[in-house]
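Q: Please take a close look at the cysteines and at the interior they belong to. A connected account would help more than a list.

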Amino acid sequence: MKKTKVCDQVRSYLIITLACVMYALSFDWFYAPNDFTIGGFTGISQIINFFIPVLPVGVMIIVLNVPLFGAGLKKFGFAFLMKSIYTMALSSVLIDVIAALYEFSPMDPLLACLYGGVTLGIASGLLFREEATTGGSELGAWILRTRIEGFSIGNICLGIDLTIIMIYASVFKSLNNALYGALALYITTKVLDLVVYGQNTAKLAYIISNKYEEIMREMIKLDKGVTLLHGKGGYTGEDRPLLLCAVHNKEAVMIKRFIKELDPDAFFIVCDARTRLCCVDLCNGKGSGGLSQRADRPFERVLRRQHDAFADGTF
């Protein structure tokens, strides 16, 4: 048992190390030569370094993150912070080391924006899957989220990063840089979602029908896990059974069709399922199979303790 845990930890830190190399290489190759910023504390460090070029960008990132990690120790736990401190320190050092070893030339801004967004998204996604973070706006957003209600972690992160990008652009007097930076940030979040959640996206279906038992039997025949919830009408006060099921995107239309055939008056609601991509019958633990469960891993334990969901808004 202990050997397995040690192997898992070694594997996790190897992936984190690889992600940090990709993160630093992406910054030095695509962002820095073209005067783009990735937002967060990296962007703040670039701005400070422009006015006061005393410390390299990587060292400045470490200095800025120290108070945040100190504030987050009680909130997120020692194990999580150890991984994140390692991630932040390694990625910051690698940014300076790569910049010292080789100076990349500027390239076409659109290419830098596209490839920078993709590589940074892959690196960030790998870190998220291993329950680590480079600190900065992500860690700051989690801490702020405990004090500011009504805003998701994703929205706080996006607001911080866009603000830094705009300040960065005004410092370097280039609106184009701000636009390219915002586009790169959008690409990064989309690639990050793909790495974290996988390609098997799903829909969460809520079904309200008087023929719920018949619909439930048909769903089980289709090898779909389904959960029966007990609701109550807000106006009538009558008990109203509610079926809950997660399905692949391509199956949502087919299921809606056969539900309407069984009960034309059925109420059918579909929404995106981002945190749990595996449909699980909560009563007996049986799943529908075929959907990726990788999205359940990243930061789930940490965010559950904070009473927040990772899918509260998109990175």
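How many disulfides does the count come to, and what surroundings do the residues in question have?

A: The count comes to zero disulfides, where a disulfide is taken as a pair of cysteine sulfur atoms within 2.5 Å. In general, a disulfide is a covalent bond between the sulfur atoms of two cysteines. This is a predicted model, in which local features need pLDDT of at least 70 and side-chain atom pairs count only at pLDDT 80 or more, while totals for chains, interfaces and linings use all residues. Residues are numbered from 1 along each chain as its sequence is written, and side-chain values use heavy atoms, with hydrogens and water left out.

Two of the cysteines can be placed by their accessibility. Cys20 counts as buried because its relative accessibility is 0%, and Cys245 counts as buried because its value is 1%; buried means under 20% relative accessible area, exposed over 50%, and partly exposed in between, with a 1.4 Å probe and protein chains only. Across the chain of 315 residues, 45% count as buried.

Cys245 can be followed further through Met219, a residue of helix H9 (residues 212–221); helices (H or I, at least four residues) and strands (E, at least two) are DSSP runs numbered from the N terminus. Met219 counts as buried because its relative accessibility is 1%. Although Met219 and Cys245 are 26 residues apart along the chain, their C-alpha atoms are separated by 8.9 Å. Setting aside neighbours within four places in sequence, Met219 is in contact with Lys224, Cys245, Ile255 and Phe258, contact meaning heavy atoms within 4.5 Å.

A third cysteine, Cys113, enters the picture through Ala184, which has its place in helix H8 and counts as buried because its relative accessibility is 0%. Residues up to four places away in sequence not being counted, Ala184 touches Tyr31, Cys113 and Gly117. The C-alpha atoms of Ala184 and Gly117 are separated by 4.6 Å, with their positions 67 residues apart along the chain. Thr188, also found in helix H8, is buried, with a relative accessible area of 8%, and touches Tyr31, Gly117, Leu120 and Gly121 when residues up to four places away are not counted.

Tyr31 leads on to the nonpolar interior. A nonpolar core is a set of buried Ala, Val, Leu, Ile, Met, Phe, Trp, Tyr and Cys residues joined through side-chain atoms within 4.5 Å. The largest such core has 28 residues, and those with the most contacts inside it are Tyr23, Phe27, Tyr31, Ile38 and Ile95. Helix H1 (2–31), helix H3 (57–76), helix H4 (78–101), helix H5 (109–129) and helix H8 (175–197) each supply at least two residues of this core, and the largest share, nine residues, comes from H1. Tyr23, leaving aside neighbours within four places in sequence, is in contact with Ile38, Thr42, Ser91, Ile95, Leu120, Ala123, Ser124 and Thr134. Apart from this core lies another, of 15 residues, among them Ile215, Leu243, Val247 and Ala252. As a broader point, nonpolar side chains tend to be buried together in soluble globular proteins.

Tyr23 and Ile38 also face empty space. The count comes to two cavities of 30 Å³ or more; on a 1 Å grid over the protein atoms alone, a cavity is a set of points where a 1.4 Å probe fits but cannot get out, and lining residues have an atom within 4 Å of a point. The largest cavity has a volume of about 390 Å³, a volume being the space filled by probe spheres set on the points, which are joined across faces, edges and corners. Of the 33 residues that line the largest cavity, the closest to its centre are Tyr23, Ile38, Ser137, Glu138 and Asp161. The largest share of that lining, six residues, comes from H8.

Overall, the chain comes to 11 helices and four strands, and residues 24 or more positions apart account for 74% of the contacts with a separation of 6 or more.

How values were computed: On a 1 Å grid over the protein atoms alone, a cavity is a set of points where a 1.4 Å probe fits but cannot get out, and a pocket is an open set with protein on both sides within 12 Å along at least five of seven lines; lining residues have an atom within 4 Å of a point.
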